[in-house]
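Please consider the following model and the questions about its aromatic rings and nonpolar cores.

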Amino acid sequence: MEKLESAGTYIHFESSLEPITALIEEGKYSKVFVFVDINTSEHCLPVFREMLDDFSEFDLIETDPGEENKNIDFCIGIWKTLLDFGADRKALMINLGGGVITDMGGFVASTYKRGIDFINIPTTLLSQVDASVGGKTGIDIDNVKNMVGTFTLPKAVFIESAFLKTLPERELLSGFAEMVKHGLIADNAYFERLKSQRFSELPVEEIYRSVQIKNEVVTADPLEKNVRKILNFGHTIGHAVESYSLNNDKKSLNHGEAIAIGMICEAWLSWKNSTLTEAELEEIKTYIASVYPAYHIKEKSFKALSALMQSDKKNENGHILFSLLEKIGKCTYNCRVSETDINESLRFYNSIYAT
């Protein structure tokens with residue numbers, strides 16, 4: 001499958017990781033580090049080794065899995081490990097894992113000794129269609145997602161469907177939410193195709209189209225000054241719900257489950273504050289609710305959710321800004337929405353599952 005170019009970085013599809021060896025030889029790197037979490041070390045590292053059976057000269061850096069560990073304390077530990085292993089400015093880091101690994105690994109690499117090269121190998125559907133493009137790195141601060149980070153492009157990205165076979169169904173469903181989002185904001189025909197797909201048996205061509213959509217948006221606005229903000233559809237409310245759940249629920253929502261909630265709520269806001277029709281709102285709500293599990297947003301959590309939204313990095317001059325749908329397949333951005341309407345959108349979501 002044809003590779004995609006993103007601001008000089010190539011995204012490789014189904015290449016068996018073969019170009020990595022050439023990249024390492026061309027870069028004349030002093031040391032190579034592979035950054036994993038405990039889960040990817042067990043399930044994905046063997047696949048990585050098998051695909052690169054002639055590549056064994058690397059040091060392994062392992063961390064605990066989960067969004068709760070994507071913070072400065074863990075970064076300090078990784079920086080210290082790089083120092084202990086003698087990493088200089090000609091070292092290379094290969095981030096092998098999901099979005100937490102590529103976000104945090106990219107941040108560590110982009111700041112260590114003012115920046116070393118890194119390669120991303122996203123191993124989850126979510127990281128393949130979302131974190132693989134755009135050069136965003138970042139960590140969370142005080143339960144607010146991605147508050148510290150850089151825009152730094154990897155040397156290359158490798159997307160391999162072999163890694164998806166290591167995932168449980170819930171993780172596949174999490175990544176599928178971002179694919180649905182890409183259809184809603186940019187390609188109605190793609191959204192229609194996804195509605196007939198089984199997320200557990202996605203053709204690589206659909207993953208390619210999702211990455212292609214994100215790449216088109218990111219290329220038009222590399223530093224998120226304008227149109228790139230449409231990629232945040234579903235995320236203003238979704239990130240707040242995700243952060244709240246992470247700190248208050250025994251079994252917290254994963255990213256895609258929270259974004260699914262956010263897309264329903266923000267589709268309602270699009271109907272209320274933009275030009276999305278009621279029929280389109282019904283279509284979006286019905287489909288997403290048929291795929292993702294129910295979740296009750298407690299009224300007592302509304303103030304906490306509002307506080308989390310106030311911390312969203314897209315906000316300006318104290319105003320919560322949303323990306324809203326004009327229609328299925330077209331999105332606008334920098335939309336100011338009242339707190340009253342935000343709360344009503346949360347109630348709208350709850351009403352879907354009310355008995």
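The exchange below concerns ring pairs and core packing.

This is a predicted model in which local features need pLDDT of at least 70 and side-chain atom pairs count only at pLDDT 80 or more, while totals for chains, interfaces and linings use all residues. Residues are numbered from 1 along each chain as its sequence is written, and side-chain values use heavy atoms, with hydrogens and water left out.

Reader: Which helix holds Phe348, the partner of Trp268 in an aromatic pair?

Author: Rings of Phe, Tyr and Trp (its six-membered ring) pair if their centres lie within 6.5 Å; planes under 30 degrees apart count as stacked, over 60 as edge-to-face and the rest as tilted. Trp268 and Phe348 form a tilted pair, 6.3 Å centre to centre with 35 degrees between the planes. The pair ties together parts 80 residues apart in sequence, because Trp268 lies in helix H11 (residues 255-273) and Phe348 in helix H14 (residues 339-352), helices being DSSP runs of H or I, at least four residues, numbered from the N terminus.

Reader: Is Trp268 buried or exposed?

Author: Buried means under 20% relative accessible area and exposed over 50%, with partly exposed in between (1.4 Å probe, protein chains only). Trp268 has 9% relative accessibility, so Trp268 counts as buried.

Reader: Which helix gives the largest share of the largest nonpolar core?

Author: A nonpolar core is a set of buried Ala, Val, Leu, Ile, Met, Phe, Trp, Tyr and Cys residues joined through side-chain atoms within 4.5 Å. The largest such core has 71 residues, and Leu125 and Phe176 are among those that touch the most other members. Its largest share, 10 residues, comes from H11.

Notes: Helix = DSSP H or I, 4+ residues; strand = E, 2+ residues; numbered from the N terminus.
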